[in-house]
Amino acid sequence: MGRVHAAVKNIIFGQVGNLITQILNFVLRTLFIRHLGDTLNGVNGLYTNVLSVLSMAELGIGTALNYSLYKPVAQKDIEKIKSYMQLYKRAYRVIGIAVAVIGTGCAPFLPYIVKASEGIPVRDLTLYYFIFLFNTVSTYFVSYKYSLINAEQKNYIQTNIITITKMITVVLQMAVILLTGSFYAYLLTAAAVELIQKIFVSRYLDRRYPYLRDRDVKKLSPKETGEIVTKTRALVFHKVGDVARLQTDSMIITGFINAAVSSFVDNYNMVLNSVANVVNIIFNSVLSSFGNLFATESRQKQYQIFRVYRFAACWIYGFSAMGFSLLLTPLIELWLGRERTLAFSVVLCILIDYYFKGDRIVLSNFKTAAGVFEQDKYLALIQGAVNLVVSILLVQRVGLIGVYVGTIVSGLIANVTKPVIIYRVILVKPVREYFADSVKYISALLITFVLLSGVKKYVMRSVTVFTFGAMFVIICVVFNGIFLALFGRTKEFGYLWDLVRGKLGGRLKRKK
């Protein structure tokens, strides 16, 4: 299976799965808020983030081992695959136990990080937390097996399993909310379905790769083990810093403001992530193909693909950020009511970080596939520290917007440093080209935003389904028209257009 074909297949299955789960999630969130309230919604989001912080115990081992699998999978070296997977299995068992121990030790501190919980007893807050903890810990005993599927560029298998599980979970949770109105039943339903899924996945992958059950497994050489240790050591810093920067906003909001405001933010993030997931599937689905690219292609080819990848990201993330900046709050108003909307300044900060996060996904994926971790191993730590310090200081002075100012400032550090590393270490090209392109893309975005903001004043004088739909169509036409006019003759657009035409042409021929 070729790289492009594998990536397209992963994207298609990923998008179908994402569409199904997002529709169900919107219905579930609506029922949750109406029957269980904003405070429990905030607690639900907070615990999800707390457990993301605890997953820091993984410390990049999975990323390092996934990278190590690309070459033996491409060469069909079964003995080497068995050796890496054995190491992966042992490492993740230790990690699962560590997360369980650390997570249990964190339980007494829950009342201090859930502010204004409106009468929820400490006993209930603790029991809710342990259900979340069980789900996280049990994942480590199965998830390592997915690495082999992903190294084979068959991410769609994992996507399909997760989609089916999510569909069953959400449908059952909706029924539980309507029939019982119990948050305990809501959480236990998800825990039961996910446990069954993990047992199924373990048995399915054992049958798919029977050699993983072989007991005759050779140990990796000291050199191979040393490479993994070196990469993992660098990824430890990345992981710790990323957690401090990306997973702490909810805790800061809940701790310094209250759980209800965290719920409002979580509603915005749910809508944002529903579209972000569509976009991210496209860009994350090619990660395993990038691993194959670095194992088999020339540096010039890598450079060409990077420029195309980055161009596509700036267009797609720019388009989605533009639509959100003008329509996200009206959508929340139509869906949940004006009382649950946030100030435009807060929304704008969230979307500025969203756009630059898209750029960082491009940089991180490319760098990860190339196995380059050492050069910026302290960067994520610096980002995490900056985010925590700036966010905590500003949230006490200017409120919610201060949290996102810290997020933006810390994120931009990577937007400046990661391109330098990629161009100097991987592509061996002058980095000024990257920043020149950034100026062009951002300038186009600003011009389009000013134009569409003026149009919105006349089209959306009141928020209705009709005016929302009309503005959505206008944004689609104007934004893509401007970008096509500005960048339609570039080599990057030409490459993407040829790719699309080739795929469509191939399908038409098969139909004939």
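Which helix holds Val 27? Select Val 27 and you will find yourself in helix α1, which covers residues 3-36. As you look around, keep in mind that this is a predicted model.

**Stop one: a surface patch.** Keep Val 27 selected and add Leu 19 and Ile 23. Together these residues make a nonpolar patch on the surface, with about 280 Å² of accessible area between them. Val 27 itself is partly exposed, because its relative accessibility is 39%, which lies between the 20% limit for buried and the 50% limit for exposed.

**Stop two: helix α6.** Now select residues 122-139, the 18 residues of helix α6. At 1.5 Å a residue, this helix should span 26 Å, and its end C-alpha atoms are indeed 26 Å apart, so the two values agree. Try colouring its buried residues, among them Tyr 128, Tyr 129, Phe 132 and Val 137. Asp 124, Asn 135 and Ser 138 are also on the buried list.

**Stop three: two cysteines.** Select Cys 106, which is partly exposed at 31% relative accessible area. Then jump to Cys 349, which is buried, with a relative accessibility of 11%. Don't look for a disulfide on your way: a search of the whole structure finds zero.

**Last stop: the largest nonpolar core.** Select Phe 306, Tyr 354 and Tyr 404. Of the 68 residues in the largest nonpolar core, these touch the most other members. Helices that each supply at least two residues of this core include α12 (259-284), α15 (344-369) and α17 (400-427). To see the largest share, select α14: 17 residues of the core come from this helix.

How values were computed. Residues numbered from 1 in each chain as written. Predicted model: local features only at pLDDT ≥ 70, side-chain atom pairs only at ≥ 80, totals over all residues. Heavy atoms only, no water. Patch = residues over 30% accessible without salt bridge, like charges linked within 9 Å, V, L, I, M, F, W, Y side chains within 5 Å. Areas by Shrake-Rupley, 256 points an atom, 1.4 Å probe, with all protein chains shown as cover. Salt bridge = Lys/Arg side-chain N within 4 Å of Asp/Glu carboxyl O. Helix = DSSP H or I, 4+ residues; strand = E, 2+ residues; numbered from the N terminus. Buried < 20%, exposed > 50% of the residue type's maximum accessible area, 1.4 Å probe, protein only. Expected span 1.5 Å × (residues − 1). Disulfide = S-S within 2.5 Å. Core = buried A, V, L, I, M, F, W, Y, C linked by side-chain atoms within 4.5 Å.
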